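The exercises below ask for a classification or a description of local geometry, and each is followed by a solution that goes step by step. Please try each task on the displayed model before reading on.

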Amino acid sequence: NAAAGGGGQIEVEVVDEYVKPIPGFTRAEFQAIRSDGVSLPGRWEKNADLRALAGRSVRLRFYLRHADLFAFELKPAG
């Protein structure tokens, strides 16, 4: 649930337990969200599914520019 329309954007990266970006899930590889909506999927260029990270300790780092993030949910793609 986010508001990023009107010139705003949201980017996300996944970092490991040492707060280092995980290759394939970096901010540079994320397809920025630039719209408003309740169910806006986040996608990385080469990784569409977070199941590849199952069993690992990870954190999400959000980057917002002229945007609001109200809630997020992690769920498998498909």
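**Exercise 1.** In this predicted model, decide whether phenylalanine 62 is buried, partly exposed or exposed, and do likewise for phenylalanine 72.

*Solution.* The relative accessibility of phenylalanine 62 is 27%, and the residue therefore counts as partly exposed, given that the class in between begins where buried, under 20%, ends. Phenylalanine 72 has a relative accessible area of 52% and is exposed, the cut-off for that class being over 50%.

**Exercise 2.** Find how many aromatic pairs a search of the whole structure gives, and classify the pair of phenylalanine 25 and tryptophan 44.

*Solution.* The search of the whole structure yields 3 aromatic pairs. For phenylalanine 25 and tryptophan 44, the ring centres are 5.3 Å apart and the planes stand at 70 degrees, so this pair is edge-to-face, since planes over 60 degrees apart fall in that class. Next, place the partners in the chain: phenylalanine 25 belongs to the loop between strand S2 (9–15) and strand S3 (30–31), while tryptophan 44 belongs to strand S5 (residues 43–44), so that the pair links distant parts of the chain, 19 residues apart. Both phenylalanine 25 and tryptophan 44 are buried. Finally, Phe25 and Trp44 form one aromatic cluster together with Phe30.

**Exercise 3.** Classify the ring pair of phenylalanine 62 and phenylalanine 72, and state which parts of the chain the pair ties together.

*Solution.* The centres of the two rings, those of phenylalanine 62 and phenylalanine 72, are 5.1 Å apart and their planes are at 50 degrees, so the pair is tilted. Phenylalanine 62 lies in strand S6 (residues 59–65), whereas phenylalanine 72 lies in the segment after strand S7 (68–69), so the pair ties together parts that are 10 residues apart in sequence.

**Exercise 4.** Describe the surroundings of glutamate 29, and determine which side chain of opposite charge is nearest.

*Solution.* Begin with the location, which for glutamate 29 is the loop between S2 and S3. Glutamate 29 is buried yet has no salt bridge, and the nearest side chain of opposite charge, that of lysine 46, is 5.5 Å away; a salt bridge would require a distance within 4 Å. Then turn to the polar partners: the side chain of glutamate 29 reaches the backbone nitrogen of glycine 24 at 3.0 Å, and a polar contact of 2.6 Å joins it to the side chain of threonine 26. Leaving out residues up to four places away in sequence, glutamate 29 touches Pro23, Gly24, Arg43, Trp44 and Glu45.

**Exercise 5.** Give the position and contacts of arginine 65, and state where the charged end of arginine 27 sits.

*Solution.* Arginine 65 has its place in strand S6 and, at 44% relative accessibility, counts as partly exposed. Apart from neighbours within four places in sequence, arginine 65 is in contact with Gly8 and Gln9. Its C-alpha is 8.8 Å from that of glutamate 11, although the two residues are 54 residues apart in sequence. As for arginine 27, its charged end sits over the ring of tyrosine 63, 3.7 Å from the ring centre.

**Exercise 6.** What are the phi values of valine 19 and histidine 66, and where do these residues lie?

*Solution.* Valine 19 is not a glycine, yet has a positive phi of about 65 degrees; valine 19 is found in the loop between S2 and S3 and, at 35% relative accessibility, counts as partly exposed. Histidine 66, likewise not a glycine, has a positive phi of about 50 degrees. Histidine 66 is found in the loop between S6 and S7, and is exposed, with a relative accessible area of 68%.

How values were computed:
Residues are numbered from 1 along each chain as its sequence is written. This is a predicted model: local features need pLDDT of at least 70, side-chain atom pairs count only at pLDDT 80 or more; totals for chains, interfaces and linings use all residues. Side-chain values use heavy atoms; hydrogens and water are left out. Rings of Phe, Tyr and Trp (its six-membered ring) pair if their centres lie within 6.5 Å; planes under 30 degrees apart count as stacked, over 60 as edge-to-face and the rest as tilted. Helices (H or I, at least four residues) and strands (E, at least two) are DSSP runs, numbered from the N terminus. Buried means under 20% relative accessible area, exposed over 50%, partly exposed in between (1.4 Å probe, protein chains only). A charge sits over a ring if NZ of Lys or CZ of Arg is within 6 Å of the ring centre and within 35 degrees of the ring normal. Lys and Arg count as positive and Asp and Glu as negative; His and the chain ends are not counted. A polar contact is a pair of N or O atoms within 3.5 Å; within protein, one must be able to donate a hydrogen and the other to accept it, and residues adjacent in sequence count only if both atoms are side-chain atoms. Contact means heavy atoms within 4.5 Å.
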